[in-house]
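I opened this notebook to record, step by step, what I looked up in one protein model. I wanted to begin with one of its helices and its surroundings, and then move on to single residues and the whole chain.

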Amino acid sequence: MTDKKTQVRRHLIALDHEYVAAAGRVTKFDLVVDHAKNATVWDVDQNRYIDFLASASAVNVGHGNAHVVQAIQDQAAKLVHYISGYFYHEPAIQLAKRLALLAPGRSAKKVSFSTSGSEAAEGIIKFARSYTKRPIVITFQNSWHGTTLGAASLSAIDPNMHRGIGPLVPDIYHLPFPDPQKIISGESLTHFSNRYLNELQDLFKHDIPADQVAAILIEPIQGDAGIIMPPQAYMHGLYQLCHENGILFCTDEINQGFGRSGKMWSIDHFNLEPDLMAVGKSLASGMPLSAVIGKAAIMDALASPANATTTAANPICCAASLATLDEIQNLHLVERSRELGAFAKIQFLKLQQEFPIIKQVRMIGLNGGIEFAPNQAEFVTQLSEYCFEHGLIIISTMDHILRFQPPLVITKTELMAGIQIIRQALQQLS
């Protein structure tokens, strides 16, 4: 890295700090991205990095995917934007049909578009309350649903998401997430699941009347919490409890959808059909597009213009999404995620045997949480910084967990090269 290039990077970061509010960034390290292709990123200094983050799971089909780029260019030449809240355009109509048919289950579905995952999560509040005529929404601790006021109210992973911005959206409550790591010694997964479900039933009995709950919103796999999947027994019990009480069973697929977990949707691991689900991120390969997909009767309950915005269903974004869905199918990325995830898990488990400081390896598709002890937060920060300095983008989450979410097009050679950098970091820092 030349001094001149370093000065460019430092100048750009200094400008950012001068003009961009700190609230919009979770600072990791000083990466100024210039361009990217597939699973490789280059910074403004032309340093090259293997990408183990995929822009927070937003580019599952890889950076600069040729089919997606062509779709964007073709649509931009034809129509950049016209408000879909008043009129129609074909890319949005075709995408809505495709998503409705792609959603889990056999019920007829409809789609409502927005621009960010936060808006989609917030949309679930509106659709659920309108359909059920009930006020209360329940989510889970360590969930991340977004940072608009409603989405931040749904989230419960960092107190800074709530500090100083109250009052939050009312009648939103957070349950402990059924993390299998919290199982009591000697307890079966079934007993563990029943214990958590019984706590919810006690809540209905003593505090929150079930007939006042509009929806329960859950991440079938918690992403930002470190790739945590609840037991099958819990999810099926929760689904049954919801439907016995007229409560909508809703899922957040923003982080985990579109093949990330080795299934098209993370809820597919449980073979359940949500009433409503939020999608975003990789829906359009990082272009600003999100959606609520839900059962048609529920979606029809919210009257116009309660979920209409000027830039929702932008035609360029919809074209990018249609091309993204093509590539997920044509490149067999759901199967690839499952197969490469199994390969990556073996490699990380070998790393754990070599370095017992790694406490747990969780891998669900090409989607992993490499967990260290909670008191190792500083070590994990140093580890990710070492990786960055040696050509690998991987960040920490929950302070002590490495977040592993590369583009689904990454090669085995790139995976092994990235894991070797992590090995070198462990050797140097341990």
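**Entry 1: helix α11 and its cover.** I began by asking what covers the buried residues of α11, and I found that the cover includes α10 (315-330), β11 (358-363), β12 (368-372), β15 (401-404) and α13. I noted at once that this is a predicted model, so I am reading computed values throughout. The buried residues of α11 are L333, V334, S337, L340, G341, F343, A344, Q347, F348 and L351. I then checked the length of α11, which runs over residues 333-354: at 1.5 Å a residue its 22 residues should span 32 Å, and its end C-alpha atoms are 31 Å apart, which agrees. I also wrote down a rule that helps me read such lists: an α-helix has 3.6 residues a turn, so residues three or four places apart point the same way.

**Entry 2: helix α13.** Since α13 appeared in the cover of α11, I turned to it next. Helix α13 covers residues 412-429, and its 18 residues should span 26 Å at 1.5 Å a residue; I found its end C-alpha atoms 26 Å apart, which agrees. Its buried residues are L415, G418, I419, I421, I422, R423, A425 and L426, and I marked that the charged residue R423 is listed among them. Is Q420, which lies in α13, buried or partly exposed? I found that Q420 is partly exposed, because its relative accessible area is 31% and buried means under 20%. The C-alpha atoms of Q420 and Q347 are separated by 9.7 Å, although the two residues are 73 apart along the chain, and Q347 is one of the buried residues of α11.

**Entry 3: helix α12.** I repeated the length check on α12, residues 377-389, where 13 residues should span 18 Å at 1.5 Å a residue, and the end C-alpha atoms are indeed 18 Å apart. The buried residues here are F379, V380, L383, S384, Y386, C387 and F388, and I found them packed against β3 (48-51), β12, β13 (392-393), β14 (395-397), β15 and α13. I noted that β12, β15 and α13 also belong to the cover of α11. Just after α12 comes G391, which takes a positive phi of about 95 degrees.

**Entry 4: backbone angles that caught my eye.** I kept in mind that most residues other than glycine have a negative phi, and most peptide bonds are trans. Which way does phi of S55 go, positive or negative? I found it positive, near 50 degrees, in a residue other than glycine. S55 is placed in helix α2 (residues 54-57), and with a relative accessible area of 45% it is partly exposed. F258 has a positive phi as well, of about 65 degrees, and it is not a glycine either. This residue lies in the loop between β8 and β9 (276-279), and at 1% relative accessibility F258 counts as buried.

I then looked for cis peptide bonds and recorded one that joins G166 and P167, with omega about 0 degrees; P167 is in the loop between α6 (149-154) and β6 (172-175). Another cis peptide bond joins S304 and P305, again with omega about 0 degrees, and P305 lies in the loop between α9 (296-299) and α10.

**Entry 5: L248 and its neighbours.** I chose L248, which is found in strand β8 (residues 248-252), and saw that it counts as buried at 5% relative accessibility. Leaving aside residues up to four places away in sequence, L248 touches A128, Y131, T132, A214, A215, I216, C242, D275, L276 and I298. For one of these, D275, I looked up the C-alpha separation from L248, which is 5.9 Å, with their positions 27 residues apart along the chain.

**Entry 6: the whole protein.** Finally I stepped back and noted that the protein has 13 helices and 15 strands. For 430 residues, a compact globule would have a radius of gyration near 22 Å, and the protein has 22 Å, which agrees. Of the 430 residues, 53% count as buried. Among contacts between residues at least 6 apart in sequence, 72% join residues at least 24 apart.

Key: Residues are numbered from 1 along each chain as its sequence is written. This is a predicted model: local features need pLDDT of at least 70, side-chain atom pairs count only at pLDDT 80 or more; totals for chains, interfaces and linings use all residues. Side-chain values use heavy atoms; hydrogens and water are left out. Helices (H or I, at least four residues) and strands (E, at least two) are DSSP runs, numbered from the N terminus. The radius of gyration is taken over C-alpha atoms; the globule rule is 2.2 Å times the number of residues to the power 0.38. Buried means under 20% relative accessible area, exposed over 50%, partly exposed in between (1.4 Å probe, protein chains only). Contact means heavy atoms within 4.5 Å. The expected span of a helix is 1.5 Å times one less than its number of residues.
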